[in-house]
Amino acid sequence: MLGRQFIRMPRFARGLATQAGPITNLPATLHLKTGQSFHGRSFGAPKSIFGETVFSTSITSYTESMTDPSYRGQILVFTTPLIGNYGVPLNKAPFDNQDVGVVLESQNIQCAAVIVGDVAEKFSHYTAVESLASWCQRHGVPAITGVDTRAITRLLRDQGTTLGRVAVGSDASLPAPEAQEFWDPSTENLVDQVSTKVPYQLNPGGSIKIAVLDFGAKANILRSLVRRDAAVTVLPWNYDFNAVSDQYDGLFLTNGPGDPGHCMEAALKLRRTLQEWDKPVFGICMGHQIIGMAAGLEAYRMTFGNRGHNQPVLALASAGSIKAGRVYVTSQNHQYALKLEDPFPQGWEPFFINCNDSSVEGIKSTADSGRKVWGVQFHPESAGGPLDTIEMFTDFVLECKAHKLQTASFTPQKSVDSSPVDTFVKPTVMPRIAVHA
Ligand SMILES: NC(=O)CC[C@H](N)C(=O)O
């Protein structure tokens with residue numbers, strides 16, 4: 001009764017919900033480079049691919065995870081046995097300059113393939129317009145169901161993230177590829193593949209100007225800034241921010257796929273920024289790793305990384321909404337981390353530490369450094385996952401405003417025309433859809 005009263009499905013969704021998804025009967029095999037093979041059924045695109053096999057402990061939000069550009073090149077194994085039961089929503093948001101035009105984290109499925117124990121053949125949700133199976137098929141993404149994901153996960157935990165091959169249809173019965181045939185996505189600069197090619201703006205009338213270096217931004221990061229009334233200018237990952245830094249009140253560095261070592265160029269540019277520019281800087285995941293590398297810390301590859309929405313982190317310092325000594329439950333998706341060095345580089349301190357594996361979960365500039373710079377390995381923007389740390393976006397925007405106010409009396413007023421956007425390729429309709437294509 002209650003459900004009927006409060007949850008009214010839009011007419012288009014009512015007809016589609018609970019339809020059976022088109023599960024194919026094609027055989028499908030996951031081969032790991034370490035020699036193990038798992039045989040199941042295909043429910044995605046009838047094609048075979050290589051990738052890096054990783055597991056996620058997230059229980060919900062398969063749609064957000066699969067569209068997160070940080071999963072590029074990865075074969076994503078869900079530890080939750082039943083995946084797909086709420087289907088997939090229409091991935092389109094109102095087309096205006098307040099949003100990136102999508103409901104999920106980017107326009108496309110970004111992971112190379114998905115592996116589940118049991119795909120839901122029927123789905124039901126008031127926003128669902130199609131099944132997980134038809135979404136994968138439409139996007140050309142292979143997917144396997146009916147394999148022992150617990151066994152795969154235990155292997156990956158022991159031997160670490162492992163290169164894999166998803167073989168579908170007649171390929172499924174072929175022998176496993178030779179070790180040297182496995183493609184390793186970490187050898188490529190994946191960031192360059194997903195970052196915007198041209199700068200663009202969101203919410204140009206916002207009260208504070210934030211430049212965002214796009215390493216493969218999740219849409220909810222951009223939304224989280226826009227919702228706090230930031231005027232956001234999204235720049236390619238290797239853009240020379242130093243040339244335009246005086247025109248912004250803050251700098252943000254996003255998440256992104258692959259080995260941060262491929263983005264050393266961005267870390268070196270940021271090192272100069274931090275030497276010459278004293279406004280607030282905030283980075284998430286890949287962005288945090290870039291800040292760390294700019295500070296002189298080293299990034300290393302973890303055995304199996306952290307992927308899931310239940311990662312507890314302990315705050316070691318207080319800043320804004322974050323209180324030292326508290327544990328926050330966080331959303332994560334990473335393979336690399338910053339090394340915990342003792343002592344930390346001068347002017348820097350650890351901010352958060354992971355309660356499970358003691359890896360560095362955040363760094364910040366020290367109180368006496370005169371700067372406000374934070375990086376966090378986890379995802380405060382959630383999508384999916386808990387919102388325990390979402391107020392870090394508010395903290396950042398408030399710091400930018402405070403800095404602007406403090407310096408306003410000393411800085412000559414800039415003319416309105418000083419916006420760097422005038423020198424950019426400035427489309428009249430922002431290329432939101434094309435950003436992560
Ligand atoms: N989500 C991210 O930004 C991931 C960062 C980096 N690609 C890693 O795997 O560690």
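**Note on a predicted two-domain model**

1. In helix H10, the residues that count as buried are Met392, Phe393, Asp395, Phe396, Val397, Glu399 and Cys400. A residue is called buried when 20 or more other C-beta atoms, placed from the backbone, lie within 10 Å of its own, exposed when there are 12 or fewer, and partly exposed in between. Helices (H or I, at least four residues) and strands (E, at least two) are DSSP runs that are numbered from the N terminus.

2. Please keep in mind that this is a predicted model, in which local features need pLDDT of at least 70 and side-chain atom pairs count only at pLDDT 80 or more, whereas totals for chains, interfaces and linings use all residues. Residue numbers start from 1 along each chain, following the sequence as it is written.

3. The protein chain contains 10 helices and 21 strands, and 51% of its 437 residues are buried. Among contacts with a separation of 6 or more, 76% join residues that are 24 or more positions apart, where a contact means that two C-beta atoms, placed from the backbone, lie within 7 Å.

4. Helix H10 covers residues 391-408, and because each of its 18 residues is taken at 1.5 Å, a span of 26 Å is expected, which agrees with the 25 Å between its end C-alpha atoms; the expected span is 1.5 Å times one less than the number of residues. The buried residues of H10 pack against strands E13 (208-214), E14 (230-236), E15 (250-253), E16 (281-284) and E21 (373-376), and also against helix H7 (219-226).

5. The domain assignment divides the chain into domain 1 (2-186) and domain 2 (191-404 + 418-423), with bounds that come from an automatic or database assignment. Their centres, taken over C-alpha atoms, are 28 Å apart, and 28 residues of domain 1 are in contact with 31 residues of domain 2. On the domain 1 side, the elements that give two or more residues are strand E3 (49-56), helix H3 (62-67) and helix H5 (149-159), and E3 gives the most, with 3 residues. By class, this side has 8 nonpolar, 14 polar and 6 charged residues; here Ala, Val, Leu, Ile, Met, Phe, Trp, Tyr, Cys and Pro count as nonpolar, Asp, Glu, Lys and Arg as charged, and the others, Gly among them, as polar.

6. The largest nonpolar core has 67 residues, and those with the most contacts inside it include Ile210, Val212, Leu222 and Ile291. Such a core is a set of buried Ala, Val, Leu, Ile, Met, Phe, Trp, Tyr and Cys residues joined through C-beta atoms within 7 Å. Helix H9 (residues 286-295) supplies the largest share of this core, 6 residues, and the core draws at least three residues from each of the two domains. A second, separate core of 44 residues includes Met66, Leu76, Phe78 and Ile83.

7. Helix H9 deserves a closer look, since 10 of its 10 residues are buried. Within it, Ile291 touches Leu253, Leu270, Val281, Gly283, Ile363, Val373 and Gly375, leaving out residues up to four places away in sequence. H9 is followed by Gly296, which has a positive phi near 105°.

8. The ligand is surrounded by residues including Ser70, Asn255, Cys285, Met286, Asn333 and Tyr336, each with its C-beta atom, placed from the backbone, within 6 Å of the ligand. Strand E18 gives the largest share of this shell, 4 residues, and the shell has 5 nonpolar, 7 polar and no charged residues.

9. Thr330 lies in strand E18 (residues 327-338) and is buried because 27 other C-beta atoms lie within 10 Å. Among the residues that Thr330 touches, not counting those up to four places away in sequence, are Gln311, Phe378, His379 and Pro386.

10. Some backbone details are worth checking in the viewer. A cis peptide bond, with omega about 0°, joins Asp342 and Pro343, and Pro343 sits in the loop between E18 and strand E19 (348-354). The bond from Ala383 to Gly384 is also cis, with omega near -5°, and Gly384 is in the loop between E21 and H10. Ser61, although not a glycine, has a positive phi of about 70°; Ser61 lies in the loop between E3 and H3.
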